[in-house]
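Biologist: I'd like to learn how to read charged pairs and greasy surface spots in a model. Can you walk me through it?

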Amino acid sequence: MLRLLLACVLAGGACAAAADEGTGFWLGGDIGISSLHRSFSVTGSTRDTQFAMALRGGYAWHPRLLLGVELGGWTLEASDYNDDPSRGVGIRTLYAIAQHHFGPEARMFAKAGFGSVKYWNNRPDEDGASGSGGVLGAGYEVWRSGNWSVSPVIDYSWGDFDGVSSPPGVTQDLRYRAWTLRATVTWR
């Protein structure tokens, strides 16, 4: 009943068609490139261009509203557990997300997500930290075929961590901000 009510509200009254078409489970993934700015409370700031990746999935209660979770982030230094286990630094994101499609063809969409973020660090005498963050973005489905679609997406992400130990012996707060251009593939 809740699904039908939500479908009617989002479809502007076209309840019968909206309730059944395009609902159900969905999956997606993307790769992209980010301009990542990190601000440390003691040691200053860094600005990097980083590879970004995310996987997401959930349930579409209405063809224009996708709800779910997204797991993503940035690897700032690659890990090497075999040869050098002290290598590896990154930021992991885990968000509850909503993606809303606009217009009669519903190709343009906006997304928003909020949740937990983790700064991880394998270096000796350094520690990561957990915090909170979010993402806001917009995209457009440039290709559709059956259940598949491909979209370019631009998004802005942010997060804050308290008590990061980096470099060794220095405990400080960390904030990050990132603009990311992504290529997204979605199945629904």
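Modeller: Let's take salt bridges, then the nonpolar patch. Keep in mind that this is a predicted model.

Biologist: What is the general idea behind a salt bridge, and how many salt bridges are there?

Modeller: Side chains of opposite charge can pair when their charged atoms come close. Here the count comes to nine salt bridges. Take Glu70 and Arg56, whose side chains meet with N to O at 2.4 Å. Glu70 sits in strand β3 (residues 65-77) and Arg56 in strand β2 (residues 44-62), so this pair ties together parts 14 residues apart in sequence.

Biologist: Are Glu70 and Arg56 buried or exposed?

Modeller: Both Glu70 and Arg56 are buried. They also belong to a network of salt bridges that links Asp30, Arg56, Glu70, Lys111, Asp155 and Arg182.

Biologist: How do Glu141 and Arg144 compare in accessible area?

Modeller: Glu141 and Arg144 form a salt bridge, with the closest N and O atoms 2.5 Å apart. Buried means under 20% relative accessible area, so Glu141 counts as buried at 4%. Arg144, at 33%, is partly exposed.

Biologist: And which residues form the nonpolar patch on the surface?

Modeller: Phe25, Leu27, Phe102, Met108, Tyr140, Val142, Trp143, Trp148, Val185 and Trp187 make up that patch, with about 1100 Å² of accessible area together. Strands β1 (24-40) and β9 (171-187) each supply at least two of its residues.

Biologist: Where is Trp148?

Modeller: Trp148 is in strand β8 (residues 148-165), and its relative accessibility of 46% makes it partly exposed.

Terms used
Residues are numbered from 1 along each chain as its sequence is written. This is a predicted model: local features need pLDDT of at least 70, side-chain atom pairs count only at pLDDT 80 or more; totals for chains, interfaces and linings use all residues. Side-chain values use heavy atoms; hydrogens and water are left out. Patches are made of residues with over 30% relative accessible area and no salt bridge: like charges are joined within 9 Å, nonpolar side chains (Val, Leu, Ile, Met, Phe, Trp, Tyr) within 5 Å. Accessible areas come from the Shrake-Rupley method with a 1.4 Å probe; for residues, only the protein chains shown count as cover. A salt bridge is a side-chain nitrogen of Lys or Arg within 4 Å of a carboxyl oxygen of Asp or Glu. Helices (H or I, at least four residues) and strands (E, at least two) are DSSP runs, numbered from the N terminus. Buried means under 20% relative accessible area, exposed over 50%, partly exposed in between (1.4 Å probe, protein chains only).
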